Amino acid sequence: MTEKNNNKGFLPLHGVGGLCCVLVGLLFIFSGLIKANDPLGFSYKLEEYFGVFHIQFLDSLSVAIAIFLCALEMFFGFALLIGTRGKQVAWGLLLLIIFFSFLTFYSAAFKVVQTCGCFGDAIVLTPWQSFSKDLVLLLLILIIFKKRADIQPLFKPVTEKRITYIAIALSFGLGIYTYNFLPLIDFLPYKVGSNILDEMKTPPGAQPDQFEITYHLKNSKTGEEKVMNDKDYIKSGIWKDNSWKIVGDPENKLIKKGFTPKIVDLAINDASGTNYTNELLANPFYNLVIVANDLGKADARAMGRLNAIALDLAQNYNIRTVILTSNSATDADAYSKANHLFSEVFYADEVPLKSMVRANPGVLLMKNGTIINKWHYHTMPDYDTLVKQYLQKP
């Protein structure tokens with residue numbers, strides 16, 4: 001007896017409901033794909049939320065939760081497009097968008113997490129933009145939810161089951177792969193081919209951000225109160241009158257967005273605090289930068305392999321290799337001695353280090369400040385391959 005499929009169309013719902021299915025399905029797949037491209041970056045965003053809600057005990061699970069949420073988004077989106085398990089998917093979408101809407105509203109209203117990570121680093125949205133996007137999605141999903149009983153699968157049961165299993169495997173597989181082998185597309189300013197020093201510069205003539213400072217003033221003699229911006233404060237000469245006092249802290253408000261370099265937070269220092277940013281990045285020769293934002297959590301076997309490569313490169317090709325970490329000088333020195341590290345250790349804030357390469361440790365091959373290549377420790381080539389591909393080229 002052959003299995004039948006009663007849906008004779010190309011959408012799981014007809015009319016407006018079908019259009020909503022397409023829009024929601026594609027957007028959920030896109031959102032999940034972007035975040036699954038960089039699950040480690042998404043996990044950092046989750047840890048920010050964990051801190052806001054005082055549930056830091058989930059930090060150790062942040063990567064697993066990130067991969068799961070990305071897979072869930074992609075699967076729900078795909079399942080909606082093919083009409084599989086319509087009622088369950090409609091419920092899942094509704095609960096998920098309510099949860100996301102709460103997070104984005106909380107971020108916007110209380111100014112706690114200023115970028116939600118909805119589309120990773122590919123499309124950066126403000127909290128209010130993210131919340132507005134979620135409200136539109138909520139409206140579309142409510143339409144789908146109302147018609148959930150009418151959702152029809154596009155494929156016969158056996159085919160539907162096979163496609164569903166494949167979709168689940170791909171949804172989880174992408175996040176697991178990119179976590180272990182770096183993002184397929186690097187949306188961060190430290191991507192291969194970028195010159196870090198250039199990304200830190202402001203072009204001549206470029207206008208910086210313009211801010212307006214607002215003062216709340218009160219007259220100590222009359223009790224009169226005034227609010228004025230910094231320009232009026234100076235122009236009026238009210239600052240000369242000692243009876244007018246500034247109440248509270250002045251408010252600093254961005255009134256015009258100017259040019260902002262892609263990299264603004266990178267400063268590399270030695271243990272004594274001396275800045276080595278330009279010296280290290282302007283090195284005209286090939287050099288290796290081992291990025292281990294947290295040495296205590298860095299893969300020990302990988303650090304051992306990288307240490308051996310660094311020693312061979314220095315002895316045979318006079319290649320300088322440095323380690324960048326956000327650990328304290330005391331902790332880094334203890335780690336270096338315990339593991340007999342050959343490379344010099346320098347220090348930077350963990351935020352730019354996490355952006356440099358999504359691995360702990362990760363490796364950058366640089367020359368004249370340009371990132372020639374970068375690797376997760378799982379994909380780092382051995383010494384012979386590194387020499388053949390880069391150092392022996394004419």
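Which helix gives the most to the lining of the second largest cavity? Keep that in mind as you go through these close-ups of a predicted model.

**View 1. The second largest cavity is a space of about 40 Å³.** Helix 13, residues 383-391, gives the most to this lining, with three residues. The full set around the second largest cavity is Tyr286, Leu288, Leu313, Ile319, Leu365, Leu386, Tyr390 and Leu391. Sort those residues by type and you get eight nonpolar, no polar and no charged.

**View 2. The largest cavity has a volume of about 100 Å³.** Of the 13 residues lining it, Leu280, Leu281, Asn287, Val289 and Val322 are the closest to its centre. Helix 9 (277-281), strand 5 (287-291) and strand 6 (320-325) each chip in at least two lining residues, and strand 6 gives the most, with four. The mix in the lining of the largest cavity is nine nonpolar, three polar and one charged. A search of the whole structure turns up two cavities of 30 Å³ or more. How do you spot gaps like these? Rolling a probe the size of a water molecule over the atoms shows where empty space is left.

**View 3. The largest nonpolar core has 25 residues.** Leu288, Met303, Leu313, Met380 and Leu386 have the most contacts inside this core. Strand 5, helix 10 (300-317), helix 11 (329-338), strand 7 (344-347), strand 8 (362-367) and helix 13 each supply at least two of its residues. Helix 13 shows up again here, giving the largest share of the core, five residues. Leu288, Leu313 and Leu386 may look familiar, as they also line the second largest cavity.

**View 4. Zoom in on Met303 and look at what it touches.** Leaving out residues up to four places away in sequence, Met303 is in touch with Ile290, Leu295, Ala298, Ile323, Tyr335, Leu341 and Pro361. Apart from the core of View 3 lies another core, of 24 residues, with Ile196, Leu266, Val322 and Met366 among them. You have already met Val322, one of the residues closest to the centre of the largest cavity.

**View 5. Here are two cysteines, Cys21 and Cys70, in a structure that holds zero disulfides.** For Cys21, the nearest cysteine sulfur belongs to Cys20 and is 7.1 Å away. Is Cys21 buried or exposed? Cys21 has a relative accessible area of 1%, so it is buried. Cys70 counts as buried too, because its relative accessibility is 1%, and the cut-off for buried is under 20%.

Notes:
Residues are numbered from 1 along each chain as its sequence is written. This is a predicted model: local features need pLDDT of at least 70, side-chain atom pairs count only at pLDDT 80 or more; totals for chains, interfaces and linings use all residues. Side-chain values use heavy atoms; hydrogens and water are left out. On a 1 Å grid over the protein atoms alone, a cavity is a set of points where a 1.4 Å probe fits but cannot get out, and a pocket is an open set with protein on both sides within 12 Å along at least five of seven lines; lining residues have an atom within 4 Å of a point. Grid points are joined across faces, edges and corners, and a volume is the space filled by probe spheres set on the points. Ala, Val, Leu, Ile, Met, Phe, Trp, Tyr, Cys and Pro count as nonpolar, Asp, Glu, Lys and Arg as charged, and the others, Gly among them, as polar. A nonpolar core is a set of buried Ala, Val, Leu, Ile, Met, Phe, Trp, Tyr and Cys residues joined through side-chain atoms within 4.5 Å. Buried means under 20% relative accessible area, exposed over 50%, partly exposed in between (1.4 Å probe, protein chains only). Contact means heavy atoms within 4.5 Å. A disulfide is a pair of cysteine sulfur atoms within 2.5 Å.
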